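Trainee: Could you take a close look with me at how the charged side chains pair up, and at the helices they belong to? I'd love one connected walk through it.

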Amino acid sequence: KDPIRGVRKLKSIKLPSQKHKRPIAKELVQGGLILTLAKVLIDRKFYNMDQRKEAAKLCGELCASAAVGKDASMILNTIFSWQIKPHLSRAVSRPEGLIDFIDDTVDSPTVYWTDEVREEITGFISKEVAELRSHSEDFIISVQRGDPFPLPYTWHYSRIRQRFYLKTVQSRLYVGGIFVESL
């Protein structure tokens with residue numbers, strides 16, 4: 001299934017059942033949308049380039065959104081590290097730049113992005129997505145049995161920094177914008 005289809009115009013749609021009429025973009029972030037988009041971005045074996053470009057554009061739009069921009073940026077910068085910032089800010093108009101960065105391997109004084117970094121990110125995303133899918137499966141089974149609806153899934157993205165940090169990147173000494181390789 002294509003997780004990207006139908007997720008346009010996020011900023012303007014409101015949920016009628018919400019007291020404060022929060023934009024649906026906020027609800028989608030809490031439901032794990034950015035997590036799903038991160039999976040699409042990093043998983044080049046399962047998702048094709050068009051799907052990954054669309055995910056990159058949506059990430060860029062979410063980061064620029066008044067409703068969820070701050071949260072979206074925090075989530076993506078935590079998962080992919082601050083090194084993604086310049087590519088993320090241009091993702092709406094140049095999504096292939098973000099994908100090229102994610103797919104590339106660079107070990108330079110200013111960028112540290114390797115297979116090990118991608119593996120660590122993939123492991124974290126897989127664990128988080130497994131929890132999301134488990135809840136979705138439980139929800140469907142509950143509905144099929146006629147049980148009362150369980151509460152919607154809430155991805156606790158506000159605590160993402162307590163659950164994950166890129167050990168591979170953090171283990172490198174970073175001084176004054178330069179990665180220093182230890183001897």
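Mentor: Gladly! Let's begin with D107, which counts as partly exposed at 45% relative accessibility in what is, please keep in mind, a predicted model. Its partner R172 has a relative accessibility of 14%, and with the cut-off for buried at under 20%, R172 therefore counts as buried. The two side chains meet in a salt bridge, with N and O 3.2 Å apart. D107 belongs to strand β1 (residues 106-107), while R172 sits in the loop between α9 and β3, so this pair links distant parts of the chain that are 65 residues apart.

Next, look at E128 and R163, whose side chains form a salt bridge at 3.0 Å from N to O. Here the pair ties together parts that are 35 residues apart in sequence, because E128 lies in helix α7 and R163 in helix α8. This time the acidic side is the buried one: E128 has 4% relative accessibility, whereas R163, at 31%, is partly exposed.

E128 is a good way into helix α7 itself. The helix runs over residues 115-145, 31 residues in total, and spans 44 Å from first to last C-alpha, close to the 45 Å expected at 1.5 Å a residue. E128 has plenty of buried company along α7, including V117, I121, F124, I125, V129 and L132. The spacing of several of these fits a simple rule: with 3.6 residues a turn, residues three or four places apart on an α-helix point the same way. The buried residues of α7 pack against α2, α4, α6, β2, α8 and α9. Just past the end of the helix, G146 adopts a positive phi of about 85°.

Helix α6, one of the neighbours of α7, brings us to another charged pair. D103 and R52 form a salt bridge, and their closest N and O atoms are 2.6 Å apart. D103 is in α6 and R52 in α3 (residues 49-64), so these partners, 51 residues apart, also link distant parts of the chain. R52 is buried at 2% relative accessibility. D103, at 21%, counts as partly exposed, because buried requires under 20%. R44 joins in as well: R44, R52 and D103 are linked in a network of salt bridges. A search of the whole structure gives six salt bridges.

How do the two helices behind the D103 and R52 pair sit against each other? The axes of α3 and α6 come within 8 Å and cross at roughly 110°, so the helices are roughly perpendicular to each other. On the α3 side the contact involves M49, R52, K53, A56 and K57, and on the α6 side P95, E96, L98, I99, I102 and D103. Both members of the salt bridge are therefore part of this contact.

While we are on α3, which covers residues 49-64, look at the cysteines C59 and C63. C59 is buried at 0% relative accessibility, and C63, at 18%, is buried too. Why is there no bond between them? The two sulfurs are 6.5 Å apart, too far for a bond, since a disulfide needs sulfur atoms within 2.5 Å. By this rule the structure has zero disulfides.

Key
Residues numbered from 1 in each chain as written. Predicted model: local features only at pLDDT ≥ 70, side-chain atom pairs only at ≥ 80, totals over all residues. Heavy atoms only, no water. Helix = DSSP H or I, 4+ residues; strand = E, 2+ residues; numbered from the N terminus. Expected span 1.5 Å × (residues − 1). Buried < 20%, exposed > 50% of the residue type's maximum accessible area, 1.4 Å probe, protein only. Contact = heavy atoms within 4.5 Å. Salt bridge = Lys/Arg side-chain N within 4 Å of Asp/Glu carboxyl O. Axes fitted to C-alpha atoms, helices over the stretch in contact; angles between N-to-C directions. Parallel < 35°, antiparallel > 145°, perpendicular 65-115°, else oblique.
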